[in-house]
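Open the model in your viewer and keep the sequence panel visible. The tour below goes from one selection to the next and says what is there at each stop.

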Amino acid sequence: MNKKLAQQLADTVNRRSFLTKASLGLGSLALGSLLPRNLFSTPSPEQLPLVPHRAPKAKRIVYLCQSGGPSQLELFDYKPYLQKMHGKDLPDSVRKGQRLTGMSAQQSSLPLVSSPYQFAQHGKSGAWVSELMPYTSKVADELCFIKSMFTEQINHDPALTFFQTGNQLAGRPSIGAWISYGLGSANENLPAFIVLVSKNAPQDQPLYARLWGNGFLPSKHQGVQFRSGSDPVLYLNNPNGYTTTDRRNMLDALKDLNQVQEELYGDPEVANHTAQYEMAFRMQTSVPDVNDLSDEPDWVFDLYGPEARNPGTFAANCLMARRLLERDVKFVQLYHQGWDLHSNLPKGLVRQCKATDQPSAALVQDLKQRGLLDDTVVVWGGEFGRTNYSQGKLTKDNYGRDHHPRCFTIWMAGGGIKPGITYGETDEFGYNIAHNPVHVHDFQATLLHLMGIDHEKLTFEFQGRRFRLTDVEGKLVKGIMA
């Protein structure tokens, strides 16, 4: 370097300019501590999907997954013709060669079963709802009943996996993980994707953590399960004798070690692990606040039903879901088992409806009265429906129904969904779709669309291929969107 250039540099960085720039730097640091994280950071390639592809109708989703396959014929799909055909064999012209499960394929006959429960039309929309769902019937004008859902999967594990990940095989990211990947979190102290599982539901079909897993997406996008009790998130609390300061010092040291490892090996998961450690640290304050229901008035517990005060029940989880949605958690998923009623259906269905009807309707009411329903999508439904014929012996007071993927009912509400409508129709036997079929991938594409995401553009490259939630299918169900 020549003397002239050196002198110019020395003149530029004099004492006065150094102090001026240093003070500005300290001020920037102070301002940065007050502003949201990553406000001015340049997005990494993984962060690029965070910008919605269109103006969203909804900011958050709550998915009330009814694991096991609720019977649409006893709940929402009123079929008076089955009363006339009760006990008669399912015609081959209706079945059309559809494959059956191994549980009813060997039956000598497939006797049709009409619902023993009364149906009535409710609200201005005139929606047909069973007497088993008295609370849901009261919010019928807020709901959109989709009676023409269908799937290719006829058994529980692949069907539920298909609904949650877009593929029947395990290993793909769940829908909540895709939402987290695409939109990030609006609350830096809580995960974008939280899962609640009913503790008191019959364990007829197992649930696996992979249903809310991240698959091949970065691990920070996996769902975090909240449990009932004093320790809602496992390993979140400090061990005995370990203070918050101790944990902070440990995390700082671990961050330095992880940074060295990331620089050495270039593994992006190292940074994801660090982010998860930091999230867990912040959750030590935020989770107890969410979990503390002492600020909820009695009328709220009365709205959700008697089980709302019992942590871990479906009713309590619905109330917890509302508290999480209030705090801008993007995707809250509830799982409630017990709907797999191959036998003793009348008794089992009464039990299931008693546990889920009131809290499900209460969640819709509660969100509406708080001004949250307009930008929150509520989904209620299982992985498939039930057959119109009896599995096993049909008696005067008892029967069961097998799996039926060809047509079933779910309902949606809020967040850009048309209220008070019924979309799709099944035939008079309740066996085939007559109008407006909706495939699982169509449902998933529409759900992403409501959140401002183009399902064809939200992709992740893995093993040399770009994957997406809807694989290579899916079209928007425009008839249900406001």
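**First stop: a loop residue**

Select lysine 96, which sits in the loop between helix 5 (92-95) and strand 2. The model is a predicted one. Lysine 96 is not a glycine, yet its phi is positive, about 55°. Is lysine 96 buried or exposed? Its relative accessibility is 59%, so lysine 96 counts as exposed.

**Along to the hairpin**

From that loop, go on to strand 2 (residues 119-122) and select it together with strand 3 (residues 127-130). The two run antiparallel and are joined by four bridges. To see one of the pairings, pick alanine 120, whose bridge partner in strand 3 is valine 129. Then look at the turn: four residues lie between the strands of this hairpin, and glycine 123 has a positive phi near 70° there.

**The whole protein**

Zoom out before going further. The protein has 482 residues, and 51% of them count as buried. Colouring by secondary structure should bring up 14 helices and 17 strands. Of the contacts with a separation of 6 or more, 78% are between residues 24 or more positions apart. If you switch on a surface, the accessible area is about 22700 Å², with 53% of it belonging to carbon and sulfur atoms.

**Strand 8 and its partners**

Select residues 376-381, which form strand 8. Six of its six residues are buried, so strand 8 is largely enclosed by the rest of the structure. In a regular strand, side chains alternate between the two faces of the sheet. Here both faces are covered: one side has Thr376, Val378 and Trp380, the other has Val377, Val379 and Gly381, and all are buried.

Now add the partners of strand 8. Strand 1 (residues 60-66) pairs with strand 8 in the parallel sense over six bridges. One place to look is isoleucine 61, which has valine 377 as its bridge partner in strand 8. Strand 11 (residues 408-413) also pairs with strand 8, in the antiparallel sense and over three bridges. Here valine 379 stands opposite methionine 412 of strand 11.

**Threonine 409 and the cavity**

Stay in strand 11 and select threonine 409. With 7% relative accessibility, threonine 409 counts as buried. What is threonine 409 in contact with, leaving aside its neighbours within four places in sequence? The residues to display are Gln72, Phe76, Asp77, Ile146 and Lys147.

Threonine 409 also helps to line the largest cavity, along with Pro70, Ser71, Gln72, Phe76, Trp380, Phe384 and Phe408. Gln72 and Phe76 are thus on view twice, as contacts of threonine 409 and as part of the cavity lining. Trp380 is one of the buried residues of strand 8 seen earlier. The space in this cavity is about 30 Å³, and a search of the whole structure finds one cavity of 30 Å³ or more. By class, its lining has five nonpolar and three polar residues, and no charged ones.

**The second largest pocket**

Move on to Glu307, Arg351, Cys353, Lys354 and Ala355, which lie nearest the centre of the second largest pocket among its 22 lining residues. Helix 6 (134-138), helix 12 (314-326) and helix 13 (345-369) are the elements that give two or more residues to this lining. Which helix gives the most? Helix 13 does, with eight residues. The lining divides into twelve nonpolar, six polar and four charged residues. About 310 Å³ of space lies in this pocket.

**Just past helix 12**

Select aspartate 328, in the loop between helix 12 and strand 7 (331-336). Aspartate 328 is not a glycine but has a positive phi of about 65°. Its relative accessible area is 31%, so aspartate 328 is partly exposed.

**Last stop: helix 14**

Finish with residues 440-450, which make up helix 14. This helix is mostly covered, with eleven of its eleven residues buried. Among them are Val440, His441, Asp442, Phe443 and Leu450. After helix 14 comes glycine 452, where phi is positive, near 90°.

How values were computed: Residues are numbered from 1 along each chain as its sequence is written. This is a predicted model: local features need pLDDT of at least 70, side-chain atom pairs count only at pLDDT 80 or more; totals for chains, interfaces and linings use all residues. Side-chain values use heavy atoms; hydrogens and water are left out. On a 1 Å grid over the protein atoms alone, a cavity is a set of points where a 1.4 Å probe fits but cannot get out, and a pocket is an open set with protein on both sides within 12 Å along at least five of seven lines; lining residues have an atom within 4 Å of a point. Grid points are joined across faces, edges and corners, and a volume is the space filled by probe spheres set on the points. Ala, Val, Leu, Ile, Met, Phe, Trp, Tyr, Cys and Pro count as nonpolar, Asp, Glu, Lys and Arg as charged, and the others, Gly among them, as polar. Buried means under 20% relative accessible area, exposed over 50%, partly exposed in between (1.4 Å probe, protein chains only). Two strands pair if DSSP finds at least two bridges between them. Contact means heavy atoms within 4.5 Å. Accessible areas come from the Shrake-Rupley method with a 1.4 Å probe; for residues, only the protein chains shown count as cover.
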